[in-house]
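Here is a short briefing to read alongside the structure. Keep the viewer open, and hop between the bullets and the coordinates as you like.

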Amino acid sequence: MSNITDLQQALRGRLIQQSDAGFDEARQVYNAMHDKRPALIIQAADTADVVASVNHARINGLDVAVRGGGHSVPGYGTCDGGLVIDLGLLNHVVVDPENRIVQAGGGCTLGGVDHATHAYGLAVPGGTVSSTGLGGLTLGGGMGHLSRSCGLSIDNLVGAEVVTANGDIVHCSEDNEPDLFWAIRGGGGNFGVVTSFAFVGHHVPSVFAGPTFFEPDAQVIRNYQRLVQEAPWELNAILAFAQAPPAPFVPEAWHLKPVIGILSCWSGDDDQDEDLPDMVASAGKVVGQAMWRMPYPQVNTFFDELLPRGLRHYWKASAAREFPEGAIAAHMEYGTKVPTIEGGNFIFSTDGACHQVDEQATAFANRSACFSSALSAIWHQPEDDQRNIQWVRDYYDALAPHSDPGAYINFMADDEDMDLDSNFGAKYLKLRELKAQYDPDNLFHHNQNIPPA
Ligand SMILES: Cc1cc2nc3c(=O)[nH]c(=O)nc-3n(C[C@H](O)[C@H](O)[C@H](O)COP(=O)(O)OP(=O)(O)OC[C@H]3O[C@@H](n4cnc5c(N)ncnc54)[C@H](O)[C@@H]3O)c2cc1C
């Protein structure tokens with residue numbers, strides 16, 4: 001029997017109990033909707049600490065939550081009364097520039113990875129907000145400013161070190177434990193704790209990027225679709241239904257008014273830089289535009305100030321191959337009613353390089369989608385919960401008849417609509433069988449949970 005004293009002695013990292021100083025800070029996750037009180041928080045310092053924590057939880061029948069960056073909107077990185085394995089100290093990044101291999105700890109933030117890889121002129125395709133955890137983002141798929149040009153995060157993953165539910169340390173890749181490697185690329189945190197990821201980095205020292213805001217008009221959506229379909233893959237473009245920020249390049253009359261935005265990120269050579277602003281602006285009547293050449297990490301900090309830890313979040317996911325007229329009408333109705341400056345509907349373009357990977361090659365669902373929506377309500381006060389949550393639900397319901405059956409698991413709410421069975425489709429049975437092999441008792445279940453077969 002492993003008791004707390006044994007566990008404490010086995011650790012190099014920190015063990016925090018409810019009565020300890022720092023407990024309140026250590027228990028916080030990014031989304032303030034989740035105010036949980038675990039019995040124990042282990043801030044693991046290395047793989048051995050993760051093994052000790054997993055063994056302790058399993059032997060003592062404790063509920064386990066694994067936390068990477070703590071950004072999960074449904075709050076999977078924490079639990080009440082159980083053991084939280086916080087990977088935040090596993091934030092090493094080691095770059096092999098000759099082979100372009102980037103080893104990154106399971107608790108890295110995207111900003112941490114960008115910082116380290118940029119020194120070598122390399123980039124690992126991640127997301128759009130620097131404080132997001134690499135762990136949860138990658139295990140779900142990982143889409144962001146380089147998806148069209150370089151693929152999803154998982155498409156650039158070449159190996160991982162995983163601590164499984166029985167405390168084994170497994171190295172998986174295409175050649176070693178290929179089934180586990182398949183499952184962790186899109187199957188979420190179901191199969192173990194990833195202590196280290198290995199990616200192939202891309203040579204992207206700088207990008208030409210920035211937002212263009214348009215007057216809300218259905219034609220902008222149609223033109224955005226055409227722009228993405230016709231542009232080279234180096235053009236990554238996120239369509240946003242949001243409020244115009246009170247930024248210097250936006251006329252005051254438009255501040256906090258509903259707009260449609262295109263957040264572009266050109267990762268190709270700089271010989272296109274001059275033409276890009278006009279190319280994007282041609283989608284509609286421009287309210288304001290700011291595009292410039294910047295170091296790649298900067299494009300992942302645009303939202304950082306707007307989205308600190310401690311706001312309230314409720315998100316839903318939707319995906320589609322195109323924008324039929326019914327979807328465009330839904331966007332015009334609900335996309336122009338975004339309740340706050342922080343929230344919005346952010347639609348990632350996931351064709352291009354993402355479509356070069358075979359649907360069956362990874363667990364990631366619905367690879368053929370071209371547009372992946374994060375319907376994101378984000379607000380400050382609990383009294384505004386109902387209004388914000390309802391906005392997302394109404395918007396989601398209006399889009400549903402025009403959407404694909406599946407969507408991106410990292411943007412999903414943990415509620416009645418998260419139907420993983422139809423989301424993963426034919427892959428679901430294989431995922432359930434692999435879950436039974438690697439985690440038969442469902443120790444890792446604070447995630448988009450796949451029950452063991
Ligand atoms: C503000 C914001 C912006 C976002 N932007 C993007 C974006 O641009 N692109 C995108 O693809 N997604 C984005 N997301 C969604 C994001 O991918 C998910 O929220 C993801 O779960 C965050 O991972 P995390 O490690 O920070 O979360 P956590 O809450 O720590 O963990 C989430 C899940 O992953 C598991 N997990 C985390 N790390 C590990 C690990 N090392 N080993 C095993 N399991 C692990 C956890 O157990 C949990 O189930 C965003 C989310 C937010 C809140």
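What follows covers the domains, the ligand shell and two helix pairs.

This is a predicted model. Its protein chain splits into domain 1 (4-86), domain 2 (93-203 + 427-438) and domain 3 (206-411). A ligand is present too, with 35 residues surrounding it. Helix α11 (residues 325-334) is a handy landmark, since it takes part in both helix pairs below: one with α8 and one with α12.

**Domains 2 and 3**

- Domain 2 is assigned in two segments, 93-203 and 427-438, while domain 3 is given as 206-411.
- Taken over C-alpha atoms, the centres of domain 2 and domain 3 are 24 Å apart.
- To their contact, domain 2 brings 34 residues and domain 3 brings 32 residues.
- On the domain 2 side, the elements that give two or more residues are α4 (110-118), α5, α6 (147-150) and α7 (178-184).
- The most on that side comes from α4, with 5 residues.
- Sorted by class, the side of domain 2 that touches domain 3 holds 12 nonpolar, 17 polar and 5 charged residues.

**Around the ligand**

- Of the 35 residues that surround the ligand, the closest are Gly68, Gly69, Gly133, Gly135 and Gly136.
- Two or more residues of this shell come from each of β3 (64-67), α5 (134-140) and β10 (193-200).
- The top contributor to the shell is α5, which gives 5 residues.
- If you are thinking about the chemistry of the shell, it has 22 polar, 12 nonpolar and 1 charged residues.
- Note that α5 turns up twice in this briefing: in the ligand shell and on the side of domain 2 that touches domain 3.

**Helix pair α8 and α11**

- Helix α8 (residues 218-230) and helix α11 have axes that come within 9 Å and cross at roughly 130°.
- The two helices are therefore oblique to each other.
- The crossing of α8 past α11 is right-handed.
- From α8, Ala218, Ile221 and Arg222 meet Ile328, His331 and Met332 of α11.
- This contact is made of 4 nonpolar residues, 1 polar residue and 1 charged residue.

**Helix pair α11 and α12**

- The axes of α11 and helix α12 (residues 385-399) also come within 9 Å, with a crossing angle of roughly 165°.
- Because angles over 145 degrees count as roughly antiparallel, α11 is described as roughly antiparallel to α12.
- Here too the crossing is right-handed, as α11 passes α12.
- Ala327, Ala330, Glu333 and Tyr334 are the α11 residues that meet Trp391, Asp394, Tyr395, Ala398 and Leu399 in α12.
- By class, the contact of α11 with α12 counts 7 nonpolar and 2 charged residues, with no polar ones.

Key:
Residues are numbered from 1 along each chain as its sequence is written. This is a predicted model: local features need pLDDT of at least 70, side-chain atom pairs count only at pLDDT 80 or more; totals for chains, interfaces and linings use all residues. Axes are lines fitted to C-alpha atoms, for helices over the stretch in contact, and angles run from 0 to 180 degrees between N-to-C directions. Helices (H or I, at least four residues) and strands (E, at least two) are DSSP runs, numbered from the N terminus. Angles under 35 degrees count as roughly parallel, over 145 as roughly antiparallel, 65 to 115 as roughly perpendicular and the rest as oblique. A crossing is left-handed if the near helix is turned anticlockwise from the far one by less than a right angle, and right-handed if clockwise. Two residues are in contact if their C-beta atoms, placed from the backbone, lie within 7 Å. Ala, Val, Leu, Ile, Met, Phe, Trp, Tyr, Cys and Pro count as nonpolar, Asp, Glu, Lys and Arg as charged, and the others, Gly among them, as polar. A residue is near a molecule or strand if its C-beta atom, placed from the backbone, lies within 6 Å of it. Domain bounds come from an automatic or database domain assignment.
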